[in-house]
Amino acid sequence: MDFDLVFEGGGAKGLAFVGALKALERHGHRPRRVIGTSAGSITALLVAAGYSAEECMAAINERTPNGRSRFASFLQIPEFSEQQELSESLRRWIQTEEDNPMLPNFIEPLFDKMVEGMLRKDLTRHLISLVEFGGWYGGENLLIYLKEKLDAADRCLGDSTLSEFAKITGRDLSVVASDITSKKMLVLNHHTAPACPTIWAVRMSMSCPLVWQEVIWRKAWGNYSGIDISGHTIVDGGLTSNFPIKLLLSGDLDVVEIMGDLNSLPENVIGLLLDDDLEVPGAQDAAKIDSGAPSFLERSDLLGGMVFRLQGMAETLLASHDKSVLDAHEQLVCRLPARGYGILEFDLTPERMAPIVQAGEAAMEAHLAARFPAG
């Protein structure tokens with residue numbers, strides 16, 4: 001069968017999706033249109049770009065030269081291209097202006113040197129990023145990663161717009177983001193935002209509040225559903241719909257306008273939900289395996305504490321969405337075990353990855369057997 005797939009947001013827990021895709025492929029099923037939120041948008045993107053489950057696993061399991069997960073590089077120290085702009089941001093932050101009459105002229109050079117010194121400190125850069133740009137981390141490495149994956153194997157999709165992506169692949173990709181300026185959900189696809197760069201659509205969907213910097217919609221990206229949203233602040237889609245299965249089931253005219261009319265039937269829809277109430281078999285044993293190197297969060301007590309707080313806030317912000325729709329369509333939902341894995345746990349060892357991938361595969365096998373007992 002050709003299935004329409006929904007990938008829930010959940011950060012590093014999304015490893016379970018790879019296992020589920022393995023089970024689908026084993027039974028000869030193929031994805032038709034896909035929609036994802038937050039980290040689920042990365043899997044949706046890879047699937048729409050023609051990645052197999054094994055290729056997805058290879059992309060996720062990629063390592064840097066020092067042996068760390070490539071995904072850990074997404075948690076990067078912010079970089080700022082315009083030093084003067086950053087200095088002004090810092091001055092605003094400490095309520096000082098360069099032409100402040102209370103600051104004598106002879107002190108200003110000393111003040112500038114102090115600013116420059118502070119900007120070289122990682123903690124300061126993180127704090128400025130959080131206060132001025134809404135996120136503890138920058139997102140440049142995620143964009144680099146997405147472009148690489150879309151250009152791999154001569155796909156030549158790294159610089160594509162959503163319209164070009166759909167035309168080249170012949171697949172229907174949608175990702176969910178949140179416009180906090182106009183306070184509404186954005187469903188980014190070739191119908192609604194044809195001129196939006198594909199990798200930036202996923203970057204916006206991934207902009208977990210307080211974790212990654214917010215994205216400002218650029219004039220060059222065109223309108224959204226005919227409306228100019230240039231200058232609007234866009235963040236993680238989980239704020240408005242972390243599990244957007246309704247968009248594949250509703251026949252409402254406003255939904256059809258956003259998604260297109262592809263005559264979806266409920267029996268052709270599978271929602272992949274990351275369930276923190278379901279235990280991942282073997283996860284505890286894998287957690288005890290010492291990789292031999294300190295993890296990203298173990299390198300600094302201060303940074304680690306901040307990250308864990310951000311993770312807790314992110315999980316709270318992204319929880320409890322779409323519950324009424326989920327309850328109404330429970331039979332279409334494949335619940336993937338995810339207990340014990342964190343949204344920002346990107347620096348996973350292969351031993352830690354294996355249990356959640358295997359649990360996702362087993363869950364999809366059980367789901368298919370329950371829905372299609374004859375198959």
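Buried, in this talk, means under 20% relative accessible area, exposed means over 50%, and partly exposed is in between, with a 1.4 Å probe and protein chains only. W221 is buried by that rule, because its relative accessible area is 4%. W217 also counts as buried, at 2% relative accessibility.

Before going on, the ground rules. This is a predicted model, where local features need pLDDT of at least 70 and side-chain atom pairs count only at pLDDT 80 or more, while totals for chains, interfaces and linings use all residues. Residues are numbered from 1 along each chain as its sequence is written, and side-chain values use heavy atoms, with hydrogens and water left out.

Now the overall picture. The chain has 14 helices and 10 strands; these are DSSP runs numbered from the N terminus, with helices being H or I of at least four residues and strands E of at least two. Of its 375 residues, 53% count as buried. Contact means heavy atoms within 4.5 Å. Taking the contacts between residues at least 6 apart in sequence, 79% join residues at least 24 apart.

Next, helix 2, residues 39-48. How many of the residues of helix 2 are buried? The count is 10 of 10, so helix 2 is mostly covered. Among them are G40, T43 and V47. On one side of helix 2 in sequence is S38, in the loop between strand 2 (30-37) and helix 2. S38 has a positive phi of about 55 degrees, although it is not a glycine. It is buried, with a relative accessible area of 5%. Just after helix 2, G50 takes a positive phi too, of about 95 degrees.

On to helix packing. Two packed helices are described by the angle between their axes and the distance between the axes. Here the axes are lines fitted to C-alpha atoms, for helices over the stretch in contact, and angles run from 0 to 180 degrees between N-to-C directions. Helix 2 packs with helix 9 (residues 198-205) at an angle of about 155 degrees, and the axes are 8 Å apart. That makes helix 2 roughly antiparallel to helix 9. The cut-offs are under 35 degrees for roughly parallel, over 145 for roughly antiparallel, 65 to 115 for roughly perpendicular, and oblique for the rest. S41, I42 and L45 of helix 2 make the contact with T198, V202 and S205 of helix 9. By class, those residues are 3 nonpolar, 3 polar and no charged. Nonpolar covers Ala, Val, Leu, Ile, Met, Phe, Trp, Tyr, Cys and Pro, charged covers Asp, Glu, Lys and Arg, and the others, Gly among them, are polar.

The second helix pair is helix 1 (residues 15-26) with helix 14, at an angle of about 45 degrees and with axes 7 Å apart. That makes helix 1 oblique to helix 14. Helix 1 residues in the contact include L15, G19 and K22, and those of helix 14 include M353, G360 and E361. The contact has 10 nonpolar, 2 polar and 4 charged residues.

Then the aromatic rings. The structure holds 10 aromatic pairs. Rings of Phe, Tyr and Trp (its six-membered ring) pair if their centres lie within 6.5 Å; planes under 30 degrees apart count as stacked, over 60 as edge-to-face, and the rest as tilted. F74 and F346 have ring centres 6.2 Å apart and planes at 70 degrees, so the pair is edge-to-face. F74 is in the loop between helix 3 (53-60) and helix 4 (83-93), and F346 is in the loop between strand 10 (333-337) and helix 14 (350-371), so the pair ties together parts 272 residues apart in sequence. Both F74 and F346 are buried. W217 and W221, from the opening, form an edge-to-face pair as well, at 5.5 Å centre to centre and 85 degrees between the planes. Ring pairs also link F71, F74, Y145, W212 and F346 into a cluster.

Last, strand 8 and the loop leading to it. S225 lies in the loop between strand 7 (215-216) and strand 8. Its phi is near 50 degrees, a positive value in a residue other than glycine. S225 is partly exposed, with a relative accessible area of 37%. T233 is in strand 8 (residues 233-236) and counts as buried at 14% relative accessibility. Which residue lies 18 residues from T233 in sequence and 5.8 Å away in space, C-alpha to C-alpha? That is V215. Leaving aside neighbours within four places in sequence, T233 is in contact with residues including S178, I180 and V215.
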